[in-house]
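Trainee: Could we go through this one together? I'd like to practise reading a model.
Mentor: Happy to; let's have it in front of us.
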Amino acid sequence: MNEMTQSRIDFLQEHLPVLRKLFGWSAAVLGDKIGVTKQTISNLENKKTKMAQTQYIAVRAVMEYEIRNRNDSTYLLEIAAALLDLDSLSDIERKRISEVMAFVSAAAHNHLEESTVKAVMKTFLDNLNLNGKVLSEIALSKTNPFHWLEKINGYL
């Protein structure tokens, strides 16, 4: 596995607790969705074990399925998934994205109005000069839901 693939896996593992909560899943529910135990999810979130590439693919697949099949608003979910797919980020950008992910999680938890969230997210992403990249990732995801899999397969 090359460095780019490992970087994507590490980034997902780092943000797994926030993403899981954003999607409304308990550790047990996510575990059931990807065929592992609640304890495995807990170990991944607490970094007691390193996320395997197969686990990465499984988590991303259920996230993508959820985004495509939810009846409620998916804006925050789309943003979260797009942030996972950004390439060539500096350490500072990744740190700032972690702050964005924390905001996304808090916004979902506090049921903020979507218009408020969109305005704040646009400001966050504009400040990072990432708004265009994120919107491109969302558009790509809508035309090719598994583009993220192609990205990591290109690095296998």
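Mentor: Helices here are DSSP runs of H or I with at least four residues, numbered from the N terminus. Keep in mind that this is a predicted model.

Trainee: Which residue with a positive phi follows α6?
Mentor: Helix α6 covers residues 91–109. Most residues other than glycine have a negative phi. A positive value, near 55°, comes after α6, at His 111.

Trainee: Where is Lys 47, the non-glycine residue with a positive phi?
Mentor: Its phi is about 60°. As for its place, Lys 47 sits in the loop between α3 (38–45) and α4 (53–69).

Trainee: In which helix is confidence lowest?
Mentor: The chain averages a pLDDT of 80, and 82% of the residues score at least 70. Confidence is highest in α3, at 98. Where pLDDT is low, the predicted coordinates should not be read in detail. The lowest mean, 63, belongs to residues 147–153, helix α9.

Trainee: Which helix gives the largest share of the largest nonpolar core?
Mentor: That core has 39 residues, and Leu 12, Met 63 and Leu 83 are among those with the most contacts inside it. Helices α1 through α8 each supply at least two of its residues. The largest share is seven residues, from α5.

Trainee: Which residues does Leu 83 contact, leaving aside neighbours within four places in sequence?
Mentor: Ile 97, Val 100 and Met 101 are among its partners, and these three are buried in α6. The full set is Phe 11, Ile 97, Val 100, Met 101, Leu 125 and Val 134.

Technical notes:
Residues are numbered from 1 along each chain as its sequence is written. This is a predicted model: local features need pLDDT of at least 70, side-chain atom pairs count only at pLDDT 80 or more; totals for chains, interfaces and linings use all residues. Side-chain values use heavy atoms; hydrogens and water are left out. The expected span of a helix is 1.5 Å times one less than its number of residues. Buried means under 20% relative accessible area, exposed over 50%, partly exposed in between (1.4 Å probe, protein chains only). pLDDT is the predictor's confidence in each residue, from 0 to 100. A nonpolar core is a set of buried Ala, Val, Leu, Ile, Met, Phe, Trp, Tyr and Cys residues joined through side-chain atoms within 4.5 Å. Contact means heavy atoms within 4.5 Å.
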